[in-house]
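Trainee: Hey, have you got a few minutes to go through a structure with me? I'd like to start with whatever is bound to it.

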Amino acid sequence: MTTVYIISAPSGSGKSTLVNEVLKIVPGLEFSISYTTRPPRGSEKNGREYFFVPREEFEKMIREDEFLEYAEVFGNYYGTARLFLQDAKETGRDLLLDIDVQGAAQIKSKIPDAVSIFVLPPDRNRLEERLRKRGQDAEDVIQRRLATAAREIENYSKYDYILVNDRLEESIEALKSILLAERHRRSGVQRSADDSDMARAEHCRLSNVRERVQPILASFVTTAAPGGR
Ligand code: ADP
Ligand code: 5GP
C-alpha cells in the first residue's frame with residue numbers, strides 16, 4: 001500500500017535540501033513533481049523540480065479535475081496531479097509531496113492516513129541567513145518570505161511530525177527515520193525497521209516537541225513587523 005508523506009516548511013528552512021537527500025537514501029520513494037505557474041529559478045528544469053505551465057493551462061487542468069490538490073502561493077498556482085498518486089499506487093512506491101500548508105490540509109482531508117511533516121528552522125535569524133545564503137531572492141522578497149514564515153509556522157501543530165532543521169546531517173537522519181518508521185508501522189511486520197529509526201521518529205512526534213518549538217515560535221513573534229505581509 002502506498003504511503004503518502006507530506007512535507008511543508010517556510011521557504012528557506014532547508015526542505016528541498018532534505019528532500020533531495022532522503023530521495024537518494026530511501027528506496028521505493030517517489031517525489032511528486034508539482035505543476036506551477038511560476039517561472040523556473042536558477043538551474044531548475046521543466047519536469048525535474050516542477051512542470052512549469054502557463055496560467056491558462058493550469059486553469060484548464062483545474063477545470064478537468066486533474067489535481068488532487070492545488071493552491072495559490074506567493075501569487076502563483078501550485079498543484080499535485082492525481083496521476084502521480086495513481087502511478088505510485090500501480091508501482092507500489094511511496095509518494096513524497098512537497099506542498100504548502102493549504103495543500104497539506106486538502107490532502108489530509110482526502111487521504112487521512114497521509115503522514116505530515118513540518119520542517120522548522122532553528123530560529124528566525126537562521127532562516128534569514130539561509131534565505132540570503134541561497135542567493136535567489138531580492139531583499140524585498142526575503143522580507144516577504146520572513147513575514148509569511150511567521151504566519152506559516154503557526155500551523156505547525158496540524159502536522160504529525162516536527163523536524164527542527166538545525167544540523168543538516170542529523171536532520172537528514174531524522175527525516176529518513178520518520179519515513180522508515182511509518183513505513184514499518186504500516187507494514188504490520190515486526191522489527192524490520194531499525195529501533196533507532198523508531199526512537200528518532202518518536203523524538204520528532206508533535207506531542208514530543210511542543211517545548212522545543214516554543215522558543216522558535218517566540219523568535220518569530222517578537223521580531224515580525226506588525227501587520228507585515
Ligand atoms: P527550502 O527548500 O526550504 O526553501 P533550501 O533547501 O533551498 O530551503 O535551503 C535554503 C538554504 O539553506 C540553502 O542554501 C541550503 O543549502 C541551506 N541549508 C539547508 N539546510 C541547512 C542546515 N541544516 N544548516 C545550514 N544551512 C542549511
Ligand atoms: P517554491 O516556489 O519556493 O518552489 O515553492 C513555494 C511554496 O509552494 C512551497 O511552500 C512549496 O511547498 C509549495 N508547493 C510546491 N508545490 C506545491 C503543490 O503542488 N501544491 C501546493 N499546495 N503547494 C506546493
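Mentor: Sure, we'll go through the two ligands and then a few single residues. Keep in mind that this is a predicted model.

Trainee: Okay, which residues come nearest to ligand 1?

Mentor: There are 15 residues around ligand 1, and Gly12, Lys15, Ser16, Thr17 and Arg134 come nearest.

Trainee: And how far is the polar side-chain atom of Ser16 from an oxygen atom of ligand 1?

Mentor: For Ser16 that distance is 2.4 Å. Thr17 has a similar kind of pairing: an N or O atom in its side chain is 2.5 Å from an oxygen atom of ligand 1. With Arg130, a polar side-chain atom lies 3.3 Å from a nitrogen atom of the ligand.

Trainee: How much of ligand 1 does the protein cover?

Mentor: On its own, ligand 1 has 570 Å² of accessible area, and the protein covers 80% of it.

Trainee: Which helices supply at least two residues of the shell around ligand 1?

Mentor: Helix 1, residues 15–25, and helix 5, residues 124–134, each do that.

Trainee: What's the mix of residue classes in that shell?

Mentor: Around ligand 1 you'll find seven polar, six charged and two nonpolar residues.

Trainee: Let's switch to ligand 2. Which residues are closest there?

Mentor: Ser34, Arg38, Tyr50, Glu69 and Tyr78 are the closest, out of 15 residues that surround ligand 2.

Trainee: What does the side chain of Glu69 pair with?

Mentor: An N or O atom in the Glu69 side chain is 2.7 Å from a nitrogen atom of ligand 2. Thr80 uses its side chain as well, with a polar atom 3.4 Å from an oxygen atom of the ligand. Gly79 takes part through its backbone, where a polar atom is 3.2 Å from an oxygen atom of ligand 2.

Trainee: And how much of ligand 2 gets buried?

Mentor: The protein buries 93% of the 510 Å² that ligand 2 exposes when taken alone. Two elements give two or more residues to its shell, namely strand 5 and strand 6.

Trainee: How do the classes split in the shell around ligand 2?

Mentor: That shell has six charged, five nonpolar and four polar residues.

Trainee: New topic: what's up with phi of Asp65?

Mentor: Phi of Asp65 is near 60°, which is a positive value in a residue other than glycine. Asp65 lies in the loop between helix 2, residues 55–63, and strand 5, residues 67–73.

Trainee: Why does Asp65 count as partly exposed?

Mentor: Because its relative accessibility is 48%, and partly exposed runs from 20% to 50%.

Trainee: What about Phe74, where does it lie?

Mentor: Phe74 is in the loop between strand 5 and strand 6, which covers residues 76–81. Its phi is near 45°, again a positive value in a residue other than glycine. Phe74 counts as partly exposed because its relative accessibility is 30%.

Trainee: Last residue: is Phe67 buried or exposed?

Mentor: Phe67 counts as buried, because its relative accessibility is 5% and the cut-off for buried is under 20%. You'll find Phe67 in strand 5.

Trainee: How far apart are the C-alpha atoms of Phe67 and Thr17?

Mentor: They are separated by 25 Å, and the two residues are 50 residues apart along the chain. Thr17 is the one we met earlier, among the residues that come nearest to ligand 1.

Definitions and conventions
Residues are numbered from 1 along each chain as its sequence is written. Chains are lettered from A and ligands numbered from 1 in the order in which they are written. This is a predicted model: local features need pLDDT of at least 70, side-chain atom pairs count only at pLDDT 80 or more; totals for chains, interfaces and linings use all residues. Side-chain values use heavy atoms; hydrogens and water are left out. A residue is near a molecule or strand if one of its heavy atoms lies within 4 Å of it. A polar contact is a pair of N or O atoms within 3.5 Å; within protein, one must be able to donate a hydrogen and the other to accept it, and residues adjacent in sequence count only if both atoms are side-chain atoms. Accessible areas come from the Shrake-Rupley method with a 1.4 Å probe; for residues, only the protein chains shown count as cover. Helices (H or I, at least four residues) and strands (E, at least two) are DSSP runs, numbered from the N terminus. Ala, Val, Leu, Ile, Met, Phe, Trp, Tyr, Cys and Pro count as nonpolar, Asp, Glu, Lys and Arg as charged, and the others, Gly among them, as polar. Buried means under 20% relative accessible area, exposed over 50%, partly exposed in between (1.4 Å probe, protein chains only).
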